[in-house]
Amino acid sequence: MKKLIFKISLLAITAISVMSCKKDAKKEGATEADTTTASKTEKLTLEKPQVTLGFIKLTDMAPLAIAKEKGFFEDEGLFVTLEAQSNWKNVLDRVIDEQIDGSHMLAGQPIAAAVGFGRQAKLVTTFSMDLNGNAITVSNDVWSKMKPSLPLKDGKPVHPISASALLPVIKEYKNANKPFKMGMVFPVSTHNYQLRYWLAAGGINPGMYTKDNVQGMINAEALLSVTPPPQMPATLEAGTINGYCVGEPWNQQAVAKGIGVPVITSNDIWKNHPEKVFVMTKAFVEKNPNTAIAITKALIRAGKWLDDPKNRPEAVKILSSPAYVGADEVVLGNSMTGTFEYEKGDKRDEPNFNVFFNNNATYPFYSDGIWYMTQMRRWGQITEAQPAEWYASKIKEVYMPEIWTKAAELLVKEGNLEQADIPTTDGYKPATADFIDGLTYDGKKPLEYIKSMKLGNKN
């Protein structure tokens, strides 16, 4: 009888343990669908299954966080440690010095390393992290001077707002012998080029770089300098800068704190522009080709998961963790769930503010990289005139869509991706005029694009 009671008790404990495990799995966000998907994954023979990957605390690091938290890395046999980095220079140095195996990075960083601006190295991009995601914010004082001249609709400023509205403010600062300062996150960041593009389109000179002067302030009417993303709001509040261009959540943070007003989103400067990239060294990819493909596979799946609207609230919760972005869920949700707040109470629909998969967001197009090169040449970071062929050959040293394609084809085979999700392309997007100044950009004609601009180098 005692044996029978013991057996029954053991069975009961086992049943409770199984139920507890199932509850824990559900608590962690696992579903039957997740389990089914995971079972389809064909693991590659990994040369380095344990990797450490870096990121900066920005919303667009999301594919890395999701690939880890939803088990996409694990499905590939990868054991991934994600490490927050202090600033973009630190990110670059630690990847080059092989202290970390890869990282969320500014799209301009691996390109600059290839063309000779700043630290040189052989870095490669296999995955584009996202489209859009930035904004330009000004202080309350600057906004109070800009706003009276803006056209209104239903009592609210009409967007997009041209930088021409900033011209009288800059003149006022100049007459008072005060420099007008704006922050951006790094000299080869999208934010630097977008801020410059917006200012120049409004008739404001953001300054030039030369071989001997890498500050980028020659003849500048607005002085642009580097500020790490998480420090942007505090630097604005302190009055050290009068505005900035940065990714989320640091524009919405300024609104939440009541210290500044975003005046334009990057999607209104260049519709569906490429943003961050995932970067490894060329040596790492050559030594660990299957590992590079596996990482890319997991990130593609994460991008697709992120662009399912029903998943965005969960993504916001994950990103709010101090281990990732560490911002308030309400602040993160402003942009991540399809809205964007300008002045307090002026919340507008921005369904494409953050795009992680749609519109071929994850594919590393050559034409995206060449656009960054045109801006490097425009403002003098590329110091010598080069033929169009140079742009085409240089970008192929950095962007590796062939690895993305291998990863995507495996995902299709496994049922984790549709064949239609793989673009039929030669690596170049069609020409587009979706810029705030209406200029047409064709990645196959970079010199014509550079010549079409009013400010900056023409040759």
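Visitor: Which two residues meet in a salt bridge of 2.7 Å, N to O, and are they buried or exposed?
Guide: In this predicted model, the side chains that come together at this distance, counted from N to O, belong to E275 and K276. A residue counts as buried when its relative accessible area is under 20%. For both E275 and K276 the outcome is the one word buried.

Visitor: Which residue forms a salt bridge with K429, and how many residues apart in sequence are the parts that this pair ties together?
Guide: The partner of K429 is D368, and the closest N and O atoms of the two are 3.2 Å apart. K429 lies in the loop between α19 (401–414) and α20 (446–451), whereas D368 belongs to helix α17 (residues 366–378), so the salt bridge ties together parts of the chain whose separation in sequence is 61 residues.

Visitor: Are K429 and D368 buried, partly exposed or exposed?
Guide: Buried means under 20% relative accessible area and exposed means over 50%, with partly exposed in between. K429 has a relative accessible area of 24%, so this residue is partly exposed. D368 has a relative accessible area of 4%, and therefore D368 is buried.

Visitor: Where in the chain are E83 and R94, which form a salt bridge?
Guide: The closest N and O atoms of E83 and R94 are 3.0 Å apart. The two residues stand eleven residues apart and the pair links distant parts of the chain, with E83 in strand β2 (residues 79–84) and R94 in helix α5 (residues 88–96).

Visitor: Why does E83 count as partly exposed, and why does R94 count as buried?
Guide: The cut-off for buried is a relative accessible area under 20%, and partly exposed residues lie between that value and 50%. E83 counts as partly exposed because its relative accessibility is 29%. R94 counts as buried because its relative accessibility is 18%.

Visitor: How many salt bridges does a search of the whole structure find, and which residues are linked in a network of them?
Guide: The search covers the whole structure, and its result is 25 salt bridges. As for the network, the residues linked in it are K89, D93, D97 and R119.

Visitor: Is Q194 buried or exposed, and which residues does Q194 touch?
Guide: Q194 has its place in helix α9 (residues 190–201). Its relative accessible area is 3%, so Q194 is buried. When residues up to four places away in sequence are not counted, the residues that Q194 touches are N134, I136, C245, S266, I269, H273 and E275.

Visitor: Which peptide bonds are cis, one with omega near 0° and one with omega near 15°?
Guide: One of these bonds leads to P160, a residue in the loop between β8 (156–157) and α8 (167–175), and another leads to P249, in the loop between β11 (243–247) and α11 (250–257). The bond with omega near 0° runs from H159 to P160. The bond with omega near 15° runs from E248 to P249.

Visitor: What is the phi of E98, and what is the phi of N359?
Guide: E98 is found in the loop between α5 and β3 (102–105), and because its relative accessible area is 59%, E98 is exposed. N359 has its place in the loop between β16 (354–355) and α17, and with a relative accessible area of 48% N359 is partly exposed. E98 is not a glycine, although its phi is positive, at about 60°. N359 is likewise a residue other than glycine with a positive phi, and that value is near 60°.

Visitor: Why does the radius of gyration of the protein chain agree with that of a compact globule?
Guide: The protein chain has 459 residues, and a compact globule of that length would have a radius of gyration near 23 Å. The radius of gyration of the protein chain agrees with this expectation, because its value is 24 Å.

Visitor: How many helices and strands are in the protein chain, and what percentage of its residues count as buried?
Guide: The protein chain holds 20 helices and 16 strands. Of its 459 residues, the part that counts as buried is 55%.

Key. Residues are numbered from 1 along each chain as its sequence is written. This is a predicted model: local features need pLDDT of at least 70, side-chain atom pairs count only at pLDDT 80 or more; totals for chains, interfaces and linings use all residues. Side-chain values use heavy atoms; hydrogens and water are left out. Helices (H or I, at least four residues) and strands (E, at least two) are DSSP runs, numbered from the N terminus. The radius of gyration is taken over C-alpha atoms; the globule rule is 2.2 Å times the number of residues to the power 0.38. Buried means under 20% relative accessible area, exposed over 50%, partly exposed in between (1.4 Å probe, protein chains only). A salt bridge is a side-chain nitrogen of Lys or Arg within 4 Å of a carboxyl oxygen of Asp or Glu. Contact means heavy atoms within 4.5 Å.
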